[in-house]
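Here are some short exercises to work through with the structure at hand. Try each task yourself before you read its solution.

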Amino acid sequence: DAEGLLRIKEENQKHYRRAQRHQEKKEKIQKHNRKLGELVEKKTYDLKTQYEHLANLRRTHILELTSVIFPIEEVKTSMRDPADVSSESDNAMTSSTVSKLAEARRTTYLSGRWVCDDHNGDTSISITGPWITLPNNGDYSAYYNWVEEKKTTQGPDMEHNNPAHTISAALCYATQLVNTLSLILDVNLPKKLCNRQVNASLQGENLSRHRFTRAVKKLNANILHLCFSQHVNLDLLHPLHTLRNLMYLVSPDTENLGR
């Protein structure tokens with residue numbers, strides 16, 4: 001029994017020394033982990049600072065781009081309400097007829113259905129200048145009408161103020177701006193769309209409504225994707241408002257622009 005007790009004491013001594021070594025290793029590991037934690041915290045703070053600096057640079061470049069090369073503004077049109085004009089020409093017109101005319105003015109036939117739009121005909125959004133605009137409500141019927149007339153009319157189109165020309169120019173500029181913004185913001189666009197494809201869809205030999213609509217849908221999808229990435233207020237966005245969505249995206253009031 002005495003010999004067995006001695007062996008047990010020796011084993012306990014060994015275990016105790018081993019436990020001390022393990023405790024020292026544990027303390028070293030904890031000290032190393034604390035150093036790593038402090039380093040990670042410092043690196044995280046430095047990374048956050050760099051992200052903020054990068055976001056400010058992106059924001060500065062975007063605001064400079066949209067103020068010098070691609071200014072986007074809301075243009076007020078000087079159209080008068082048909083109800084007012086009609087009531088002035090006919091004093092005997094009833095109030096019900098006036099209200100019906102006003103209601104008709106706020107309604108647009110778009111893509112096979114009637115859409116209520118309070119801004120119909122009142123405003124439009126310009127890009128690169130007040131002479132290149134897109135309808136505020138996304139109604140591009142003027143371009144469709146121009147395509148039909150071009151199919152039936154022989155010879156070159158000499159009308160420089162044709163709204164179809166401004167629509168095609170505005171869409172091309174918008175596409176170029178969106179592609180540039182995606183590079184600055186480092187955001188991959190969901191739809192592949194370049195200026196050459198837009199020009200082919202708008203000014204190719206085989207003009208078709210399908211190609212035009214497809215190009216516009218791709219452009220609108222890319223714009224919405226950029227707006228989502230920059231946390232633009234969703235209540236301000238509309239799937240058909242091409243330039244208006246862009247205007248909200250590059251607005252100085254957009255807090256997260258450049259993230």
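**Exercise 1.** Decide whether Tyr 173 is buried, partly exposed or exposed.

Solution. Start with the cut-offs: buried means under 20% relative accessible area, exposed over 50%, and partly exposed in between (1.4 Å probe, protein chains only). Tyr 173 has a relative accessible area of 31%, so this residue is partly exposed.

Before you go on, note that this is a predicted model, where local features need pLDDT of at least 70, side-chain atom pairs count only at pLDDT 80 or more, and totals for chains, interfaces and linings use all residues. Residues are numbered from 1 along each chain as its sequence is written, and side-chain values use heavy atoms, leaving out hydrogens and water.

**Exercise 2.** Classify the pair formed by the rings of Phe 70 and Tyr 173.

Solution. First, recall the rule: rings of Phe, Tyr and Trp (its six-membered ring) pair if their centres lie within 6.5 Å; planes under 30 degrees apart are stacked, over 60 edge-to-face, and the rest tilted. Next, take the values: the centres are 6.3 Å apart and the planes stand at 65°. The pair is therefore edge-to-face. The structure holds one aromatic pair.

**Exercise 3.** Find where Phe 70 and Tyr 173 sit along the chain.

Solution. Helices (H or I, at least four residues) and strands (E, at least two) are DSSP runs, numbered from the N terminus. Phe 70 lies in the loop between α1 and β1 (72-76), while Tyr 173 belongs to helix α5 (residues 163-185). They are 103 residues apart, so the pair links distant parts of the chain. Finally, Phe 70 is buried, at 5% relative accessible area.
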